[in-house]
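Colleague: I'd like to practise reading a model residue by residue. Could you take me through it, giving the idea and then the case each time?

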Amino acid sequence: MTTTKSKTVYTPGFTDGAEYRIPTFKLLKQDGTLYKGGKAPDIDKEKALRIYHAMVTTRVLDERMLAAQRQGRLSFYMQCTGEEAAIIGSTAALDDADMIMAQYREQGSLAYRGFTIDEFMNQLFGNEKDYGKGRQMPVHYGSSKLNYMTISSPLATQIPQATGYAYGQKMAGSKQCTIVYFGEGAASEGDFHAGLNMAAVHRVPAIFFCRNNGYAISTPANEQFAADGIAPRGFGYKMDTIRVDGNDLLAVYQATEAARKLAVEENRPVLIEAMTYRLAAHSSSDDPSGYRSKDEEAVWREKDPILRVQNWLTRKKWWSESQEKELQERLRREVLETMKRAQKLPPPPLETLVTDVYDEVPPLLNRQFEKLKAHIRKYPDEYPKSAAHVQRGA
């Protein structure tokens with residue numbers, strides 16, 4: 001059975017869907033002017049500068065923390081470089097009470113919503129002020145107050161979770177939606193199809209935002225799928241779908257704004273495919289020179305989304321070269337000073353290893369914890385930070 005009536009034919013005919021070519025929505029050129037016929041979304045100066053500040057903050061944070069990882073001060077890092085417009089532009093089009101479920105490259109969403117440099121650093125170093133109590137890898141952020149679900153390492157698990165959360169929003173009548181971010185590589189996981197199918201069938205207020213940055217780690221898009229990107233998959237679930245230039249802040253903002261309206265007012269889930277490019281390595285463990293050329297990267301550096309927004313702001317006389325210099329210097333100084341503070345803070349209390357799962361720590365875990373403390377006392381040189389904690393009577 002199908003949900004619609006189909007035309008009957010009497011000779012076999014096949015289709016591969018090639019006749020459905022999805023256009024790419026664009027508004028802003030690289031020089032900061034609009035394309036002919038394009039109309040900018042309603043973004044006032046205050047909001048535009050909030051967006052730009054978040055974009056620059058994310059870029060500076062990424063540059064400094066990758067350097068810190070190379071110096072051995074941090075175990076791991078992942079950059080958002082080149083994808084700031086896609087992430088921050090979409091977040092800015094939401095209500096701050098909407099839920100965000102991220103993959104691992106969406107720190108810009110937190111920067112836009114007000115996550116401080118201190119909060120970033122506390123998570124990266126897993127110190128006593130880390131909301132995750134040191135249990136997560138670096139860049140696995142989470143913030144309940146900012147409606148940003150804590151990141152999970154397994155790829156694409158957040159997609160069906162977003163459908164479930166959005167279903168709860170629908171049942172509660174909250175008039176909020178959930179946006180879930182993922183890369184085109186994650187769209188090859190079964191969770192992608194399960195999540196979209198459930199969302200479409202149950203008509204939940206969810207926005208599925210695919211960052212198509214061209215590579216699933218080292219695998220290029222043309223080796224991942226034969227079809228025209230990710231957007232056509234929305235047709236298989238009868239889902240509203242749009243493809244947008246992911247380096248075009250205004251187009252991303254307007255597309256997400258329209259998607260949110262469909263999701264919240266009509267309970268129609270939406271698939272957005274943002275065409276962008278990962279200018280940095282996949283992670284601090286990756287070397288992109290092994291699978292893509294410098295010439296290719298140079299082409300995309302000319303499409304830098306931050307420079308595009310800066311040109312737009314300058315043309316509107318909302319930004320100047322002196323302001324840019326001041327912002328860059330201030331952020332670099334703040335990141336370095338905050339990093340030094342975060343590194344000096346002690347790790348979370350040792351007993352937090354066995355808390356937060358049960359209302360009361362069960363006897364078995366208590367016995368295991370006592371054995372751990374005894375082990376640390378026996379080999380204090382191997383666990384210097386924990387030994388100091390144990391010696392204080394923990």
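Colleague: Let's start with Lys175. Where does Lys175 sit?

Modeller: Placing a residue starts with the helices and strands on either side. Lys175 falls in the loop between α5 (158-172) and β4 (178-183). Bear in mind that this is a predicted model.

Colleague: And is Lys175 buried or exposed?

Modeller: For that we go by relative accessible area, where exposed means over 50%. Lys175 has 54% relative accessibility, so it counts as exposed. Look at its backbone too: phi of Lys175 is near 60°, a positive value in a residue other than glycine.

Colleague: Which other residue has a positive phi although it is not a glycine?

Modeller: Asn147, with a phi of about 55°. Asn147 lies in the loop between α4 (117-125) and β3 (148-149).

Colleague: Next, cysteines. How many disulfides does the structure hold?

Modeller: The idea is to check sulfur-to-sulfur distance, since a disulfide needs a pair of cysteine sulfur atoms within 2.5 Å. Here the count is 0. Take Cys177: the nearest cysteine sulfur belongs to Cys210 and is 17 Å away, and Cys177 is in no disulfide. Cys210 is in no disulfide either, with its nearest cysteine sulfur, that of Cys80, 14 Å away.

Colleague: Are Cys177 and Cys210 buried or exposed?

Modeller: The cut-off for buried is under 20% relative accessible area. Cys177 has a relative accessible area of 0%, so it is buried. Cys210 is at 0% relative accessibility, so it counts as buried as well.

Colleague: What does Leu94 touch, leaving aside its neighbours within four places in sequence?

Modeller: With a contact list, look at how far along the chain the partners come from. Leu94 is in contact with Arg113, Cys177, Ile179, Ile207, Thr256 and Arg260, so you meet Cys177 again. Leu94 itself is found in the loop between α2 (84-92) and β2 (99-101), and its relative accessible area of 8% makes it buried. For a plain distance, the C-alpha atoms of Leu94 and Met171 are separated by 20 Å, with their positions 77 residues apart along the chain.

Colleague: Let's try polar side chains. Which side chain makes a polar contact with that of Asp245?

Modeller: Read the pair and its distance together. The partner is the side chain of Arg308, at 3.2 Å. Asp245 is in strand β8 and counts as buried, at 10% relative accessibility. Leaving aside neighbours within four places in sequence, the contacts of Asp245 are Thr24, Phe25, Lys26, Val252, Met275 and Arg308.

Colleague: And where is Asn247?

Modeller: Asn247 is in the loop between β8 (240-245) and α7 (249-266). Asn247 counts as buried, at 2% relative accessibility. Its side chain joins that of Thr276 through a polar contact of 2.7 Å. Beyond four places in sequence, Asn247 touches residues including Gly82, Ala85, Met275, Trp300 and Arg308. Arg308 is thus on this contact list and on that of Asp245.

Colleague: Now the nonpolar side. Which residues have the most contacts inside the largest nonpolar core?

Modeller: To read a core, ask for its size, its best-connected members and where they come from. The largest nonpolar core has 69 residues, and Met65, Met121 and Tyr141 have the most contacts inside it. Helix α1 (residues 45-70) gives the largest share, 10 residues. Met65 touches Leu74, Tyr77, Met121, Leu124, Phe125, Val335 and Met339, not counting residues up to four places away in sequence. There is also a second, separate core of 23 residues, with Ala199, Val204, Phe208 and Tyr237 among them.

Colleague: Zooming out, how many helices and strands does the protein have?

Modeller: The protein has 12 helices and 9 strands. The radius of gyration is 23 Å, close to the 21 Å that the globule rule gives for 394 residues, so the protein is as compact as a globular protein of that length. Buried residues make up 48% of the 394 residues. Of the contacts between residues at least 6 apart in sequence, 74% join residues at least 24 apart.

Colleague: What feature does UniProt place at residues 53-349?

Modeller: The record, an unreviewed entry, lists "domain: Dehydrogenase E1 component" there. In the model, that span is 44% helix and 11% strand, and its end C-alpha atoms lie 35 Å apart.

Terms used: Residues are numbered from 1 along each chain as its sequence is written. This is a predicted model: local features need pLDDT of at least 70, side-chain atom pairs count only at pLDDT 80 or more; totals for chains, interfaces and linings use all residues. Side-chain values use heavy atoms; hydrogens and water are left out. Buried means under 20% relative accessible area, exposed over 50%, partly exposed in between (1.4 Å probe, protein chains only). Helices (H or I, at least four residues) and strands (E, at least two) are DSSP runs, numbered from the N terminus. A polar contact is a pair of N or O atoms within 3.5 Å; within protein, one must be able to donate a hydrogen and the other to accept it, and residues adjacent in sequence count only if both atoms are side-chain atoms. Contact means heavy atoms within 4.5 Å. A nonpolar core is a set of buried Ala, Val, Leu, Ile, Met, Phe, Trp, Tyr and Cys residues joined through side-chain atoms within 4.5 Å. UniProt positions are given in the numbering used here, feature names are shortened, and annotations may be inferred rather than shown by experiment. The radius of gyration is taken over C-alpha atoms; the globule rule is 2.2 Å times the number of residues to the power 0.38.
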